[in-house]
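Q: Please give me a close look at one spot in this model, then work outward to the packing around other parts of the chain. Plain language is fine, as long as the cut-offs are spelled out.

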Amino acid sequence: MFSWLGTDDRRRKDPEGFQTVSEGLKKLYKTKLLPLEEHYKFHEFHSPALEDADFDNKPMVLLVGQYSTGKTTFIRYLLEQDFPGMRIGPEPTTDSFIAVMQGDVEGIVPGNALVVDPKKPFRKLNAFGNAFLNRFVCAQLPNPVLESISVIDTPGILSGEKQRISRGYDFAAVLEWFAERVDRIILLFDAHKLDISDEFSEVIKALKNHEDKMRVVLNKADQIETQQLMRVYGALMWSLGKIVNTPEVIRVYIGSFWSHPLLIPDNRKLFEAEEQDLFRDIQSLPRNAALRKLNDLIKRARLAKVHAYIISSLKKEMPSMFGKDNKKKELVNNLGEIYARIEREHQISPGDFPNLRKMQDQLQAQDFSKFQPLKSKLLETVEDMLANDIAQLMVLVRQEESQRPTQMVKGGAFEGTLHGPFGHGYGEGAGEGIDDAEWVVARDKPMYDEIFYTLSPVDGKITGANAKKEMVRSKLPNTVLGKIWKLADIDKDGMLDDEEFALANHLIKVKLEGHELPNELPSHLLPPSKRKITE
């Protein structure tokens, strides 16, 4: 008769079985988290319900910035081709949200058609109304970059008089909706105008729960001198520090992300290194997409739990008959005390609670009599999901990552510097002399030989102890010198001959000049007499 009780207990002890991470996330959300959200009106307060497309879609990159910071140009730079609906100019030219996505044929899908397509993750945007949907399009085109990621271009954030003109929809709320669903948020700044307008400040604050996804690009940096660039960078960090209230510093990439010649080429190497770092970050998104979706589901579940406690507490405090309006006002005003009580009773971190003022504003329009009392079974189901099912999914995430270790964004600007002499660092540091017919170390070998013969070589070789006396003069840490020794002692006999000693000194020079050491010795650095040994 009560056999279902045993089944429920068994399910709680044994986690669900899933074939893929995406399938597991969908099933967990629909069966365990969604019932809690619906019971306590989570979607009216925080975020619309998730759909299959939210779990299946490609990683998305959201570009945010004031007008004329180069957002559209940045996308053009990544794709290395124009996309439908693209407009570039010094004034606010992009007045729409443009989702740049993979498609077999070039074209534009208008917003109203886009939000009824079940294969696209935009259906819940219809809540923002026609004023927004008339300013939302999807630009589709065949491009290798878009096979792995999608990019969301946003209207330029306004400043001065312009920002007083109403857009007709809640701009910050739309950006927050996207922020919950994208994998990376890139804030673009123009090195020439760092002023953060009121609207931009509001937007950054709206994104405050997603700092882990945020990266900052200081664009158009080739147009100012090195000394000015240092000051601009410092000013940017100071401005961000006042708005983004985190102890950690957001990663800032400095460069000029367009295909025009550099106006001031002094910092070319810095720009190349920064570009490669940013490209690596974007290229890693497909590989980490499943982990990001899992992380977002955990965050959502924690918020949904807290929301359930808040709503049920308000319901419990409400009188059954008279004085409901006065009690509602009192509860809204004392919401901070309710937060503190829930925090104590249920040992919940303060960081899991929704913004107090925003919650108070939203509660004003709600009918408290329609709120539901605490239903322990719904909360226990979510607790079970976080304690057991998520752990199983984490194992599955690692398995999927190991099966697809090379999954990354390809094509467009990502291919431009991978091969040939214009790859980052080609011909520099340990790569110096890669195309030379002669051994590059031979240029300075006479100088190294003079030192070598003062170290008492026996049978043409010096011991490790004698080599150490000379190598520590570089003041490099022992860990670095140990790596140099391993690379230079090619025949692994624990001693160095004159060529190996010259190679060790060359590698010390490479490190002292600020370059990284290779993990394995490149073939062009092998001493001529040792090349047969390694063949």
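A: Let's start at Lys327, which belongs to helix α13 (residues 324-333); helices here are DSSP runs of H or I with at least four residues, strands are runs of E with at least two, and both are numbered from the N terminus. This is a predicted model, so local features need pLDDT of at least 70 and side-chain atom pairs count only at pLDDT 80 or more, while totals for chains, interfaces and linings use all residues. Residues are numbered from 1 along each chain as its sequence is written, and side-chain values use heavy atoms, with hydrogens and water left out.

If you skip the neighbours within four places in sequence, Lys327 is in contact (heavy atoms within 4.5 Å) with Glu317, Met318 and Pro319. Lys327 also has Phe368 at 9.9 Å, C-alpha to C-alpha, with their positions 41 residues apart in sequence.

Now try Ala301, in helix α12 (residues 285-317). Ala301 has 0% relative accessibility, so it counts as buried; buried means under 20% relative accessible area, exposed over 50%, and partly exposed in between, using a 1.4 Å probe and protein chains only. Outside its neighbours within four places in sequence, Ala301 touches Leu33, Val382, Met385 and Leu386. Leu33 is 268 residues away from Ala301 in sequence, yet their C-alpha atoms are 6.6 Å apart.

Zooming out for a moment, the protein chain has 22 helices and 10 strands. Of its 535 residues, 48% are buried. Among its contacts with a separation of 6 or more, 78% link residues 24 or more positions apart. The exposed surface is about 27,000 Å², with carbon and sulfur atoms supplying 51% of it; areas come from the Shrake-Rupley method with a 1.4 Å probe, and for residues only the protein chains shown count as cover.

Helix α5 (residues 71-79) is largely enclosed by the rest of the structure, because 8 of its 9 residues are buried. Those buried residues are Lys71, Thr72, Thr73, Phe74, Ile75, Tyr77, Leu78 and Leu79. Right after α5 comes Glu80, with a positive phi near 60°.

Next, the helix pairs. Two packed helices are described by the angle between their axes and the distance between the axes. The axes are lines fitted to C-alpha atoms, for helices over the stretch in contact, and angles run from 0 to 180 degrees between N-to-C directions.

Helix α18 (residues 445-452) and helix α21 (residues 498-512) have axes that come within 9 Å and cross at roughly 115°. So α18 is roughly perpendicular to α21; the bins are under 35 degrees for roughly parallel, over 145 for roughly antiparallel, 65 to 115 for roughly perpendicular, and oblique for the rest. The crossing of α18 over α21 is right-handed, meaning the near helix is turned clockwise from the far one by less than a right angle, with anticlockwise being left-handed. On the α18 side you'll find Lys445, Tyr448, Asp449, Ile451 and Phe452, meeting Asp498, Glu499, Phe501, Ala502, Asn505, His506 and Lys509 of α21. The contact of α18 with α21 has 5 nonpolar, 2 polar and 5 charged residues, where Ala, Val, Leu, Ile, Met, Phe, Trp, Tyr, Cys and Pro count as nonpolar, Asp, Glu, Lys and Arg as charged, and the others, Gly among them, as polar.

Helix α19 (residues 464-471) and helix α20 (residues 478-488) have axes that come within 12 Å and cross at roughly 130°. That makes α19 oblique to α20, and the crossing is right-handed. Gly464, Ala467 and Met471 of α19 make the contact with Leu481, Ile484 and Trp485 of α20. That gives 5 nonpolar, 1 polar and no charged residues for α19 with α20.

For helix α8 (residues 171-181) and helix α9 (residues 198-206), the packing angle is about 35° and the axes are 9 Å apart. Phe171, Ala172, Leu175 and Glu176 of α8 meet Glu199, Val203 and Ala206 of α9. By class, the contact of α8 with α9 has 5 nonpolar, no polar and 2 charged residues.

Last stop, the loops. Ser456 lies between α18 and β9 (461-463), and it has a positive phi near 55° without being a glycine. With 52% relative accessibility, Ser456 counts as exposed. Lys220, in the loop between β7 (214-219) and α10 (226-243), is not a glycine either, yet has a positive phi of about 60°.
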